[in-house]
Amino acid sequence: MQSEPEGEEAGGESKGNVSPGNIGLERVLATSLRLAYIPVTVLLLAALGAFVYGTYFFIHSVREIVDRPVPVGHQIGLFLVDVDLFLIGATLLISAVGFYELFVREIPFERATRVPAWLEMHDLNDLKGRVIAMIVLVVSVTFAEVVVDAPSGRYALELGGGIAVVIVALTVFLRWSGHGTENDSHRDR
């Protein structure tokens, strides 16, 4: 098997012999990665909005409980809504960090702000896995919230069945996409 001459790429062009059109296209493509700032900014603002709204909702819930302390079921539902809002905010924040690390550059975390291993993202499968895990968590909390205030057991059962189907589908998707396997190369590090 004959090796390629030094300085040649798979396409047959020498590194020093790149056409001006290719250089221009490569610059446009490299610059287009900066478009990732748009979803990063929007996701950060959405996360901030969810956290602020969750805080407002918490204060409102406490006031409602102090004013009318009797119906216990509804009060638990209020706090589950709050948990949901914060989980949604966390999902949006994780997505923003993931987009930034994947499309802009890796965030150099210092010891004081070391990112947990489960939050490290090396590719889109990592981001997808984190977001799907958070979606499953949010849907589960939402189900608990609905069960507390459910008008009937049948409604809760139907909703639970629908949520179970979604969770199973997402789990199967993760397994078949290769993300759910334990032999991912970056996990061995």
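A residue counts as buried under 20% relative accessible area, exposed over 50%, and partly exposed in between. Keep those cut-offs in mind for this tour. The model on your screen is a predicted one.

**Stop 1: the whole chain**

Start with everything shown as a cartoon. You should find five helices and zero strands, so the pattern along the sequence reads α-α-α-α-α. Now colour by accessibility: of the 189 residues in the protein, 25% are buried. Switch on the surface, and you are looking at about 13000 Å² of accessible area, 65% of which belongs to carbon and sulfur atoms. As for contacts with a separation of 6 or more, 64% of them join residues 24 or more positions apart.

**Stop 2: a salt bridge in helix 5**

Next, select arginine 154 and glutamate 158 and show their side chains. Side chains of opposite charge can pair when their charged atoms come close. Here the two side chains meet in a salt bridge, at 3.0 Å from N to O. Both residues belong to helix 5 and sit four residues apart, about one turn of the helix. A search of the whole structure finds one salt bridge.

Are these two partners buried or exposed? Glutamate 158 has a relative accessible area of 48%, so it is partly exposed. Arginine 154 has 63%, which means it is exposed.

**Stop 3: helix 4 against helix 5**

Stay with helix 5 (residues 153–176) and add helix 4 (residues 124–149). How do the two run relative to each other? Their axes come within 10 Å and cross at roughly 170 degrees. Because of that angle, helix 4 is roughly antiparallel to helix 5. To view the contact, show side chains on both helices. From helix 4, pick residues including Ile132, Ile135, Val136, Val139 and Phe143. From helix 5, the contributors include Leu159, Ile163, Ile167, Leu170 and Phe173. Gly129 of helix 4 and Gly160 of helix 5 are also among the residues making this contact.

**Stop 4: a nonpolar patch on the surface**

Finally, select Phe58, Ile59, Val62, Val66 and Phe79, and show them as a surface. Together they form a nonpolar patch with about 410 Å² of accessible area. Which helix gives the most to the patch? That is helix 2 (residues 37–67), with four residues.

Zoom in on isoleucine 59, which lies in helix 2. Its relative accessible area is 40%, so isoleucine 59 is partly exposed.

Note on methods. Residues are numbered from 1 along each chain as its sequence is written. This is a predicted model: local features need pLDDT of at least 70, side-chain atom pairs count only at pLDDT 80 or more; totals for chains, interfaces and linings use all residues. Side-chain values use heavy atoms; hydrogens and water are left out. Patches are made of residues with over 30% relative accessible area and no salt bridge: like charges are joined within 9 Å, nonpolar side chains (Val, Leu, Ile, Met, Phe, Trp, Tyr) within 5 Å. Accessible areas come from the Shrake-Rupley method with a 1.4 Å probe; for residues, only the protein chains shown count as cover. A salt bridge is a side-chain nitrogen of Lys or Arg within 4 Å of a carboxyl oxygen of Asp or Glu. Buried means under 20% relative accessible area, exposed over 50%, partly exposed in between (1.4 Å probe, protein chains only). Axes are lines fitted to C-alpha atoms, for helices over the stretch in contact, and angles run from 0 to 180 degrees between N-to-C directions. Angles under 35 degrees count as roughly parallel, over 145 as roughly antiparallel, 65 to 115 as roughly perpendicular and the rest as oblique. Contact means heavy atoms within 4.5 Å.
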